Structures are given as structure tokens and as C-alpha cells.
Amino acid sequence: MKNRTKLKEPVKVRTKKLADGSESYYLDIYVDGKRSYEFLKLYHLPEINPLIKEQNRATRAAVETIKSQRIIELTNAKAGLKRTVVRSKMLLDDWMQSYLADQERKGARGLKLLKTVMRMIPLYKKKVKMGDIDKEWCKGFIDWIQYTYKTRWGNPLAPKSASDYVGYLSTALNAAVRAEVIPENPFMSLPQSERVKVPESKREFLTIDEIKLLVSTDCPREDVKRAYLFSCYCGLRLSDVYALRWRDIVLDGEQYRVTTVMKKTAAPIYLPLSRQAVRWLPERGEAGDDGTVFAGLPAEPNINKVLAKWVSKAGIPKKICYHTSRHTFATMMLTLGADFYTVSKLLGHANVKTTQIYAKIVDSKKTEAVNLMDKVFD
């Protein structure tokens, strides 16, 4: 009996060890006596915890998917089929896994939102091929996410959330275009009238007089009062206040500064503190450098309940949550004459356009100031 000859795969997965202990995946492609390599920019990381182990599993699955696609491409190339046509047969779920692995490797922002979108896709339609995503599919997804999809609490998505999720999916499809998986992203050809309509949000904030009212009003919890007023005077998010350590506050000459990495954006910030901000820092006592500055703060929902009682007691007819302290800081800085670029840096915005959302608020304050003359001279 003759031995059966095992067919050799034209594409093999290999890895290259890197100095940091990780391994870089690449494809070893051997066709018609010629060898080439394709480095995938995907990595197997040292498995120091269960989370990384799961990430490695997803990365390996993405690598195997790419390998299979390359074999199909090589097989079909001889039949004269274009690469994009062949790769369009890839499942959307497989592409999203590959895209997620690449984003995780890059340390990109918004991975939580991206993973949520990935969970939504099979709820809308299962086993969708990349080539089947057209304008009608995109319009159907937008309609479904706005009017059919419900959160775990049984509520429809807010327009802003729906817009964000559609945006993350569209960004993944743009990457698929660059990778020659699909010829175009149908989301990009949709007119504005067919996209998620997001109403302009009202950014609540406190005026300087209202801040003074809160300062002079007793709060049910002194630590919440200190933390909130501290953020009103420096603009730090609650997530950064929770994480703030005494080592993050340094004295540079006569100027106190906060040096930290923002939780939301993972961007470093070097923030000067005014005397008013320093005034609301709690006593350090015996706390070491690693000690939490605002130790013992309750969870955000409970903080907001305390704030509601405090604001009501002060006679301020506004719905205030902790994040309004950041809006208050931005509006106060602009009202007092700081320029948008400077305020954007104080807030840690990557783009000054993000700061310009406060322009209308400041314009209204200018109008109020000018109209004060009428009260004097009428």
C-alpha cells in the first residue's frame, strides 16, 4: 500500500520572540517555489493574568482567520478573482475580532464600547459576510439600534449612545477598506438624514454666584463637598479624583500642580492648581505618598444623591451631578477671559474643537453681561 502524500499548506503561522517577552505573529507564505512573509501586527503576550490569557485566545483566533483567508485568496488568485472579492466572504464577526485584537495591541481608547458593538452585531443579524454589508444593511442596523435594541435594564438607547455605537462600527469598516477586505464603507455614503440624529445636549453648570452659595451651605457629607468644589476649581473628572494620590500633588516653587494620567483618555496631564482648588483638599494627616487624597468617597450614584440634597438646600434650581463640576470649571475659565486653547489643555482635551462646545454658553454669559447696562440706564 502506497503512503499517502500529505498536502502542504501554502501558509503557515509562525511567531518571532520580541525583547519584551511577547511574540509577534507572522505568516510564512510559500507558493510556486517563492517564499514571502506577512507580519500581522498581532501579538501573543506573556500570560500574567486570566484577562491576557483570554486576549491571547482571541488574537490567535484572529490569526487563524487571516491565515484561512490567505489560503482562499491564493487558491482563487489562479482563477483570476480579485483579492477584495475573495476577502469579502469573511464573516463580520471574524473581522471585528481581528480589528479588536489590533486595537488592544495599540492600546486604543474605547475598547469597552467596541466590545459592546461586537455583542450587538449577532443580535441584529448572525453570520453576516463582509461583502453583504451594503447601504440597506447599514440603514437597517441604524433603525434597529435606535428603535428595537434594549439595554440590560430594558430601556432604549439614548441617541448619543446609539450614535457612538454606529460610529465605532463604521470606524471598524473603514479599517476593513484599508485592509482590502471590502471595497467601501457603506456608512460613509449615507446622507445626514439617514444617520442617528443626536439632539444638542445641554451642559449644565454653576455660575460663580451659585458656587459661592454652595460654599456657604452645609452639605450632608463634607468629603463630597470638598471633592466637588475641588473639581469646580480644577476640572478633574470624578474617575481621576477617585484615583488621585498624594504623590500626584507636587509643589513647584509656590505653585501646586497635579501630575497624573487621566483614566478616561490614558493621557498625562500637568495641571496647575489655584489657591481655591488647594483650599478644598482634605487634611493629609499621616497619609503616605500612596494614600488616596479623597479617601472614602461614596460611589458616583450616591455622590449625586448627596449633591442633589446639597443643591436643593442652597436654593439652586438646577439638576447637578458630579460631572457638572467639570463644565463649571470650563465655563468659569472662559467667562473670566481664558482662551479656548488654554482651557482645552487644562481640561486635557486632545482637540480644541471639543472645548468649543462651551462657546454658546460663554456667548450667552457675554450677552447677559452686556444687558446689565440696560438695568443701569433704563
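## Close-up views of a predicted chain

**View 1. The whole chain, with its helices and strands.** The chain contains 15 helices and six strands, and the model shown here is a predicted one. Of the 378 residues in the chain, 39% are buried. The accessible surface of the chain comes to about 22800 Å², and carbon and sulfur atoms account for 53% of that surface. Among the contacts with a separation of 6 or more, 59% are made by residues that are 24 or more positions apart.

**View 2. Confidence along the chain.** The mean pLDDT of the chain is 86, and 90% of the residues reach 70 or more. Confidence is lowest in helix α2, residues 83-87, where the mean is 52, whereas helix α8, residues 222-234, has the highest value, at 96.

**View 3. The largest nonpolar core.** This core has 47 residues, and those with the most contacts inside it are Tyr228, Phe230 and Phe294. Several elements give two or more residues to the core, including α7 (208-215), α9 (238-243), β6 (268-272) and α11 (300-313), but α8 gives the most, with eight residues.

**View 4. The surroundings of Phe294.** When residues up to four places away in sequence are not counted, Phe294 touches Asp223, Arg226, Ala227, Phe230, Val241, Leu244, Trp280, Leu281 and Pro282. Phe230, which appears in this list, is also one of the residues with the most contacts inside the largest nonpolar core.

**View 5. A second nonpolar core.** Separate from the largest core, a second core of 36 residues is found, and among its members are Ile121, Leu157, Leu169 and Val196.

**View 6. The open sheet formed by three strands.** The strands lie in the order β1-β2-β3, and their pairing is antiparallel. Because β1 (11-17) and β3 (34-44) stand at the edges with a single partner strand each, one side of each is left without a neighbour in the sheet. From one strand to the next, the twist averages 30°. Strand β2, residues 23-31, pairs with β1 over seven bridges in the antiparallel sense, and Lys17 stands opposite Glu23 in β2.

**View 7. Thr260 and the residues around it.** Thr260 lies in strand β5, which covers residues 255-261. The relative accessibility of Thr260 is 16%, and therefore this residue counts as buried, since the term applies to values under 20%. If neighbours within four places in sequence are left aside, Thr260 is in contact with Asp248, Ala267, Pro268 and Ile269.

Key: Residues are numbered from 1 along each chain as its sequence is written. This is a predicted model: local features need pLDDT of at least 70, side-chain atom pairs count only at pLDDT 80 or more; totals for chains, interfaces and linings use all residues. Side-chain values use heavy atoms; hydrogens and water are left out. pLDDT is the predictor's confidence in each residue, from 0 to 100. Helices (H or I, at least four residues) and strands (E, at least two) are DSSP runs, numbered from the N terminus. A nonpolar core is a set of buried Ala, Val, Leu, Ile, Met, Phe, Trp, Tyr and Cys residues joined through side-chain atoms within 4.5 Å. Buried means under 20% relative accessible area, exposed over 50%, partly exposed in between (1.4 Å probe, protein chains only). Contact means heavy atoms within 4.5 Å. Two strands pair if DSSP finds at least two bridges between them. Axes are lines fitted to C-alpha atoms, for helices over the stretch in contact, and angles run from 0 to 180 degrees between N-to-C directions. Accessible areas come from the Shrake-Rupley method with a 1.4 Å probe; for residues, only the protein chains shown count as cover.
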